[in-house]
Amino acid sequence: MRSSCRLATLLFSSLLCSPLLLWLPASVAADALWLREPALSPDGKQLTFTWQGRIFVASAEGGPATALTGSDYLSQRPVWSPDGKRLAFAANLYGNEDVFVVPTSGGEMVRLTRDSRTDLPQAFSADGKRLLLSSQRPGSPDADHFVAEGYQWGELYWTPISGGTLQADLPLPATLARPHGKLLAYQMPTADQPFRKHQHSFAVPRLWLFDGKQHKQLTEDRVAATDPVWSDQGDTLFYLSERSGDFNVWRRDLASGKEQQLTHYQGHPVRGLSASRNGDLVWSWLGELYRLDAGSSEPRKLILTPQVASAPDEASEALTLADEALVSEEADELILVSEGNLFAVDPERERVRQLTRDPSEQSSPLFAEQGRALIYLSEQQGHAALYRLRKGDPDLLFSDPGTLTESLLLAIPDKGISRPVLSPDGKQLAFVVDGQAIHLLDLASNKQRELVPASFNPSRHEVHLAFAPDSRHLALTFRPDAAEQEIAVIDTANPKAKPVNVSLNGYQDGQPSWSQDGAILYWQSTRFGALGPDGEPLVTNLLGIYSSRAARADAMAELDPPKGGYGFESDRLNHREALLLQPTGTLLASRIIGDQLIYLVEEMGVNSESEIKGYSLDLRKGKTRELFGEQPGPALASLNQQGTLATLVRDGEITRIHLDSGDATSAPFALQPTGRWQERMTAAFDQIARLTRDEFYLDDMNGVNWDSYVAAYRRLLPGIGNPRDFGNLLAELAGELNVSHTWGNGPAPFPRMADETASLGGYWQDGEQGVELTALLSGGPLDQESDIAPGARLLAINGSPIANQAELDRALNHQVDARLALTFQQAGNKQTDEVVLTAIDKQQEYQLQQASWIEKRREQVARLSGGRVGYVYLPAMNSEVYDTVVADALGRQRNRDALIVDVRFNSGGYLANTLVEFLTGSGSTKGMGSSWPRQGKGETDAATRQWTKPSVVLVNAASYSEGSAFPEYYRALKVGPIVGDPVPGTGTMVYNHDSRLIPGLAYGIPTLGLRKPDGTFYENQELIPDLQVPLTPADMVAGRDPQLEAAVQAALKQLPASAK
């Protein structure tokens, strides 16, 4: 669902980051915590586990542990061979997760996979010669159900442990697969983040058993079950289940179905179950490992000590990216905010000085006391408070050597301060409290008072402030309700004053500013802007009003402003319109100086490259001229008060542009922080825990003792040595809340150039005579640029022989957009064919796969309905998708009598209301008149923009966010039947916190809950379809879609007898 903060889409991906920046060891190896993914050797004598991104080997009784994998990449998922001599695992040496095999005694790693999507090991074959793995590479085009899900989990393949060929196994997205003889126990994926707990819905992971012929569900619906592990005889399955409330170890007798709970932990989940041949079990609980010997009923904790040297926890990297930039009037000094600290930069002398050294976040710096001090926000005591940093010598720059004194200016107990704005006379400071209320601080007396209560802004962190030049009037954004944002002005000199709405337009208005003389108040607005197909604004414009009738009169008479400028009249607002600007790009900064509007925009050019330009608009003559251009974006952009100088801060570079001439000078910069990983990570953890408490949409934290969980997970931080593990820890913490839209994702450092596998637009398999093309991807390079047919063998690329898919992956690495010469041998031909084509990237390949997935179902619906029912698919709730749906439904499928609207695997967004409106068009059957021509067919006016005939909605447990809200609206309005699986209620809006302390770390907090008309929340309320139709793994493997078939029948039943 939409929030002005960020939209939710679950992402579990690795980001390219410098290993020096993000890879730092924990301080004390002896206090090893956050031990994960334990795996017992088959004989039960040895144990592997992951810690700080490395795989360690130890005695199964505990004790010293030796690192098996390196420290400059991240390893996971260790799997023992049956003889205990080899270990398979996944590692991100080349950016993505690839599968490797290594001797357990150490030695050379054998790389088994080379596709740049995620590959994960699952299990060795019984003879230890082959490995079962899951891969996100394109699988069978027939068993394609999870194409719509985005191949997040991958399908199953076998490969020799020496590398080479890939043999397709089950085309199922099994997150864990454990074979035993002819049996396969496997775990189907969750439809939410993998660390969510206590959820009772069809979104939870469940266990299945395949005997070579039939797929049998082993664990119940609505109760999460994971980590299937076989007994040696194959008659018993151990696994983890939330059946008792928390994840615990269970045993199932397969013959009788009898279940036995083996552990009884409360409050935290068991993770990472493993077993030896004789039935010994190990697992991880709250960051430590436990063992249950066969025949015993009492687990025991294993004490493990990784034998590694702990390097000094000291920062050694240079920072070249800034989150904020405060620029002095002459741009001779900049205050940059990077990784939570303030740095002063003198671009002329290329001098840098770190001003703050606290591990917590500092932000929002302002020059105060005529440049002698800085006022900024700091979280060093918890919630953000106002601090002041004064120079010992006021004539020096902050970047010069000299004494700096920091002092606390204002802290409000248990409340956070944000968005501070200093009045032009330097006497008052306006700021936002807890993201909603607006307060005013008198800097002389240090007394503060509330100007605007929190009730004026029901949505948090969307308030913007701007003092007028008279230092008396304050422009602000406010929300009459959660759906609208306006501009108001308040007289700060009047203690009884209330904000006066001055925009009064019903659109989204924000970012207020004043002209230099106070004559014009202007702001960014979606009014008069272009709209997307869904009716939502695509761009923002600048709107403005004269601050008073006198200001308007002087402007009309072209008179100079009075010496003291203009005040603000809060009445007689009509007919005071002063400005309408529709910029050619994204507005970055603006100033109104006299009759000139100076502004900077970022415009998108070819190849998605952006250019920053400066313009000047003559407000009297209406003429615009370009001040400069050809400055590459993106950048932090600012204008000085006089509108004579623009400053751009890019990656490691500061550019100053004199607007009178357009001349630009650039200087490099590099910031040298002095911080420690553990301190910075702890500060980031405390900040996120506090934000969650403050921002979560339920005061009772969904019944969870949040502070207790925070303390429990905080204890584990010494064991975290990289951002990916930290992200997983945060995801576990957020998962305790049992709500949607929570996640924790940390970047994963890796040491080598990232792989990037190109695509030829084909489906491949390893055959006896090499790589065989089994199917063409419609719209792909092979389909569009050749006459090669399925069944052909690929012999070579650019003259290099291709013997198997691993060699094909190697040959396609870093070949996106390259022209490639392919040598094929068509089926039945002795001669070879040469083809030259252009390879595409993975995203383009997936878009074609998704288009083929949709077309296949559209054709199936037409066939099953005799051409009477149409079909549209919505992968997300956004304008681009809506445009496609409208064009398809009212275009090629206009003459269909009914429409199936498929929102399975819909990732959410902001479209549900618009989509319901589209499906509730009033046709002639509802009493509406039609425009009827003398010849041809007439139709109601609604048919030009709405579907006026019957419809059916198709859903599943992965209909997420607004993908789950839409069928609720559809049902409430009684539009038509709903078919499919029960849909979990995931109706929240999310704040995506992008950490400044640990760049690349993201964390989701549900901040607003969607309520039903009866006042209850949609969240965790399951929608039961009118026609509940399961879709089993057997259906998926066979390429069947019984849900779609049922939807066709439901649609046909909606038709009047004459249409049937």
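Ala58 has Ala65 as its bridge partner in strand β4, and this pairing is a convenient place to enter the structure. The model is predicted, so that local features need pLDDT of at least 70 and side-chain atom pairs count only at pLDDT 80 or more, while totals for chains, interfaces and linings use all residues. Residues are numbered from 1 along each chain as its sequence is written, and side-chain values use heavy atoms, with hydrogens and water left out.

**Strands**

Strand β3 (residues 54–59) and strand β4 (residues 63–67) run antiparallel and are joined by 3 bridges; strands are DSSP runs of E with at least two residues, helices are runs of H or I with at least four, and both are numbered from the N terminus. Two strands are said to pair if DSSP finds at least two bridges between them. The hairpin of β3 and β4 has 3 residues between the strands, and in this hairpin Gly62 takes a positive phi near 105°. Strand β4 also pairs with strand β25 (residues 304–306), here in the parallel sense and over 3 bridges, with Leu304 of β25 as the bridge partner of Gly63. Strands of a sheet pair through backbone hydrogen bonds, either parallel or antiparallel.

Elsewhere, an open sheet of 4 strands follows the order β21-β22-β23-β24 with antiparallel pairing. Its edge strands, each pairing on one side only, are β21 (270–275) and β24 (300–302), and the twist averages 30° from one strand to the next. Within this sheet, strand β23 (residues 288–292) and β24 pair in the antiparallel sense over 3 bridges, and Arg300 in β24 is the bridge partner of Arg291.

**Helix packing**

Helix α3 (residues 677–695) packs against helix α5 (residues 723–735) at an angle of about 25°, with their axes 12 Å apart; axes are lines fitted to C-alpha atoms, for helices over the stretch in contact, and angles run from 0 to 180 degrees between N-to-C directions. This angle makes α3 roughly parallel to α5, a term for angles under 35 degrees. The contact (heavy atoms within 4.5 Å) is made by Trp677, Met681, Ala684, Phe685 and Ile688 of α3 together with Pro723, Phe726, Leu729, Leu730 and Leu733 of α5. By class, these residues are 10 nonpolar, no polar and no charged, where Ala, Val, Leu, Ile, Met, Phe, Trp, Tyr, Cys and Pro count as nonpolar, Asp, Glu, Lys and Arg as charged, and the others, Gly among them, as polar.

Helix α9 (residues 879–892) and helix α10 (residues 912–919) pack at an angle of about 10°, with their axes 12 Å apart, and are therefore roughly parallel to each other. Their contact involves Tyr882, Val885, Val886, Ala889 and Leu890 of α9 and Thr914, Leu915 and Phe918 of α10, which divide into 7 nonpolar, 1 polar and no charged residues.

**A distant link and some backbone details**

The whole structure holds 57 salt bridges, each being a side-chain nitrogen of Lys or Arg within 4 Å of a carboxyl oxygen of Asp or Glu. In one of them, the side chains of Lys856 and Asp144 meet at 3.5 Å, N to O. Lys856 lies in helix α8 (residues 842–865) and Asp144 in the loop between β10 (130–135) and β11 (155–160), so the pair links distant parts of the chain, 712 residues apart.Two residues other than glycine with positive phi are listed below.

| Residue | Phi | Place |
|---|---|---|
| His198 | near 70° | loop between β14 (183–188) and β15 (206–210) |
| Leu504 | near 45° | loop between β41 (500–501) and β42 (509–514) |

The peptide bond from Gly633 to Pro634 is cis, with omega near -5°, and Pro634 is placed in the loop between β49 (624–632) and β50 (636–639).

Conventions
Parallel < 35°, antiparallel > 145°, perpendicular 65-115°, else oblique.
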